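Biologist: Please take a close look at one part of this chain, and set that part in the context of the whole.

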Amino acid sequence: MPNATTSKYFLTTEEKLKHFIVEVLERSGVARAHAEVVAGVLVEADLRGIESHGVARLDSYYVARIRSGHLKPQPNYHVVRETKTSIVFDGDNGLGHPVSKMAMEAVIAKAYEYGAAFGAVRNSNHYGIAGYYAMMSLDHDMIGMSSTNSVKYAAATFGREVTMGTNPFAFAVPTGNEPAFVLDFATTTVPKGKIEVHKRKHKKLEPGWAIDEQGNPTYDPDEALRGALLPLGGFGTEGGGHKGYGLGLLSDIFCGVLSGGCFGATLPFADETKEGAISHWFGAFRVDGFRDVAEFKEDMDAELRYYKESSVAHGAQRIMVAGEPEILNAVYHRQYGIPVHEKIWDGLNRLAGELNIAFDLAK
């Protein structure tokens with residue numbers, strides 16, 4: 001939960017935040033149906049405690065790019081290639097969330113018929129949290145997967161040049177009584193948004209997060225934003241940084257190379273405004289293609305409980321599994337309110353005034 005002693009937060013509700021996002025995007029030229037998808041993804045991020053990918057992106061990224069002409073508010077999303085078990089969409093430089101939901105829905109429909117399917121989107125933009133799309137499979141007794149490449153923020157292992165994105169992967173696995181297993185992680189040690197959150201809060205970075213422009217480890221958010229993020233595992237190979245580097249490159253292959261979109265050298269840097277540079281990848285497969293679903297879910301519950309009930313290390317309170325902290329965050333935020341950092345709140349208030357929208361977000 002947010003630390004009120006170091007930063008000021010305002011509280012809002014899920015319903016108010018969704019309504020506000022839809023209003024802002026509609027006033028910015030986005031079709032209402034697409035605006036509602038974006039609102040759903042952003043609010044899900046904030047509910048789950050992933051504030052770097054929630055409403056904080058609305059003004060500074062989505063609306064700003066629409067206003068500058070670098071993102072189409074009403075794109076022509078369309079299919080460019082399709083087989084029985086695969087599909088590729090062109091995002092036409094629109095918001096990444098609606099076309100990604102379309103792609104994952106198509107993948108799930110194909111998986112129903114053929115057992116497994118994969119999809120991709122090229123010529124797109126930021127699509128929010130990867131876990132949102134992987135989790136779409138859960139209600140269908142399927143295991144879901146998603147990944148996206150991104151503009152360049154990170155260096156390769158032993159490099160100091162910014163060459164790759166944060167390139168997250170997400171996997172969602174259905175369960176019975178236990179919370180679903182949802183593994184959603186950047187292939188850098190942290191996403192760029194977390195550096196920005198630390199900058200807003202005037203907090204030092206942790207070891208292994210970033211390097212400065214000379215390739216030296218840094219704990220200063222400003223130096224990190226001028227330098228590069230590090231791959232998952234940190235500096236060099238001693239902590240497994242080469243593994244994070246390999247995963248990030250794999251994401252770029254699945255998303256960019258496979259879809260026919262931008263990748264590697266053709267991806268822009270963070271301060272560039274290249275249109276439609278981002279690509280996404282999706283997958284889903286039916287559990288019943290392997291075994292009885294009820295028995296699988298029962299065993300998944302046992303699998304997760306085994307780890308959660310194992311001995312706790314000294315000083316720790318409990319053991320959790322992937323997805324559980326986010327579910328607890330969502331329960332808490334639905335009851336007590338979604339926190340919005342004061343700097344983001346002020347930006348939303350200003351945006352509301354510019355668009356002549358009532359600013360009524362307070363819980």
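Modeller: In the protein chain of this predicted model, 67% of the contacts with a separation of 6 or more join residues 24 or more positions apart, a contact being heavy atoms within 4.5 Å. Local features require a pLDDT of at least 70 and side-chain atom pairs count only at pLDDT 80 or more, whereas totals for chains, interfaces and linings use all residues. Residues are numbered from 1 along each chain as its sequence is written, and side-chain values use heavy atoms, with hydrogens and water left out.

The overall dimensions form the setting. The radius of gyration, taken over C-alpha atoms, is 20 Å, which agrees with the value near 21 Å for a compact globule of 363 residues; that rule is 2.2 Å times the number of residues to the power 0.38. Along the principal axes, the C-alpha atoms fill a box of roughly 55 × 55 × 45 Å. Of the 363 residues, 52% count as buried, meaning under 20% relative accessible area, against over 50% for exposed and values in between for partly exposed (1.4 Å probe, protein chains only).

The chain has 11 helices and 14 strands, assigned as DSSP runs (H or I, at least four residues, for helices; E, at least two, for strands) and numbered from the N terminus. The part chosen here is helix α4, residues 96–114. Its 19 residues should span 27 Å at 1.5 Å a residue, and its end C-alpha atoms are 26 Å apart, which agrees; the expected span is 1.5 Å times one less than the number of residues. Several residues of α4 are buried, among them Gly96, His97, Pro98, Val99 and Ser100. Further along α4, the buried residues include Ala103, Met104, Ala106, Val107, Ile108, Lys110 and Ala111.

Both flanks of the helix show a positive phi. After α4 comes Gly115, with a positive phi near 95°. Before the helix, Asn93 lies in the loop between β3 (86–90) and α4. Although Asn93 is not a glycine, its phi is positive, at about 60°. Most residues other than glycine have a negative phi. Asn93 counts as buried because its relative accessibility is 7%.

Phe158 offers a contrast elsewhere in the chain. Phe158 is not a glycine either, and has a positive phi of about 70°. It lies in the loop between β6 (154–155) and β7 (162–164). At 69% relative accessibility, Phe158 counts as exposed, whereas Asn93 counts as buried.
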